[in-house]
Amino acid sequence: MAQYGKTNYWDERYTKDPEPFDWYQRYSGVRDLINQYVKREDVILMSGCGNSRLTEDMFEDGYTSITNIDVSRVCIDQMLERYRDKPTLQWQQMNACSLDFPDETFDVVIDKGTMDSILCGEGSTANVAKMCGEVSRVLKPTGCFFIISYGVPDNRLNYLEKEDIYSWNVTVHTVPKPTVSAAAVPTSEDSSGVHYVYVCTKGGSAEEG
């Protein structure tokens, strides 16, 4: 099993294979849900951006204020070079569990596979709690945390549904997996035909969708 929870795994991976790679879904697969929750003018944090095309595709669709962080310096340096012609896209090396941003900075935080990766590492429960706490801190009072995951609700909601701590309500959506997925994660938890989208919204009410 790959060491998804370790920084050196990602540095080595991006050094060996710098080509863009999207885990789980391309933007086209989640565009409708993103459009439902995210406004074009929102200030967005892409947490654990990797070398995905998600930021590029969102930028082309009118979302221009996106700050991208990743724990891998190799990855961030590659993305800085690739998108140097798009100055409204920011790229910073940063750990999602320890964000170097002021409180209430972002309207939206997007996570595509980052929580899943953290859950593959040591101290996973504590680290996911740190990540969620940091996301809650940097979100504006009506902001939302948009998570794309292979993890089933019976598992992931245990980490997310803590209103007394994070002051958000969680809505669960599903999106079909792409027909051909080079990003399949070989685990028993990933046996269904869908990915799950967890939308944690501050100052709102929960729905099932």
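**Charged pairs and lone cysteines**

Tutor: Welcome! In this predicted model, the count of salt bridges comes to 14.

Student: What makes lysine 112 and aspartate 22 a salt bridge?

Tutor: Their closest N and O atoms are 2.9 Å apart. The cut-off for such a pair is 4 Å, so lysine 112 and aspartate 22 qualify as a salt bridge.

Student: Which parts of the chain does that pair tie together?

Tutor: Lysine 112 sits in strand S4 (residues 106-112), while aspartate 22 belongs to the loop between helix H1 (7-16) and helix H2 (27-37). The pair therefore ties together parts that lie 90 residues apart in sequence.

Student: Are lysine 112 and aspartate 22 buried or exposed?

Tutor: Both lysine 112 and aspartate 22 are buried.

Student: How do you know that aspartate 61 and arginine 40 form a salt bridge?

Tutor: The N to O distance here is 3.3 Å. That value is within 4 Å, so the pair of aspartate 61 and arginine 40 meets the definition. This pair links distant parts of the chain, 21 residues apart: aspartate 61 is in the loop between helix H3 (54-60) and strand S2 (66-70), and arginine 40 is in the loop between H2 and strand S1 (44-47).

Student: Why is arginine 40 called partly exposed?

Tutor: Its relative accessible area is 32%. Partly exposed covers the range between 20% and 50%, so arginine 40 falls in that class.

Student: What about glutamate 81 and arginine 84: how far apart are their closest N and O atoms?

Tutor: They are 2.6 Å apart, and the two residues form a salt bridge. Glutamate 81, at 47% relative accessibility, counts as partly exposed. Arginine 84 has 61%; exposed means over 50%, so arginine 84 is exposed.

Student: Which residues do salt bridges with shared partners join into one network?

Tutor: That network holds Asp22, Arg26, Arg53, Asp57 and Lys112.

Student: Now the cysteines. Why is cysteine 49 not bonded to cysteine 75?

Tutor: The closest cysteine sulfur to that of cysteine 49 is in cysteine 75, 4.9 Å away. A disulfide needs two sulfurs within 2.5 Å, so this pair is too far apart for a bond. Cysteine 132 is in no disulfide either, as its nearest cysteine sulfur, that of cysteine 200, is 6.9 Å away. The disulfide count for the model is zero.

Student: How do you know that cysteine 49 and cysteine 132 are buried?

Tutor: Cysteine 49 has 8% relative accessibility, and cysteine 132 has 0%. Buried means under 20%, so both cysteine 49 and cysteine 132 count as buried.

Methods: Residues numbered from 1 in each chain as written. Predicted model: local features only at pLDDT ≥ 70, side-chain atom pairs only at ≥ 80, totals over all residues. Heavy atoms only, no water. Buried < 20%, exposed > 50% of the residue type's maximum accessible area, 1.4 Å probe, protein only. Salt bridge = Lys/Arg side-chain N within 4 Å of Asp/Glu carboxyl O. Helix = DSSP H or I, 4+ residues; strand = E, 2+ residues; numbered from the N terminus.
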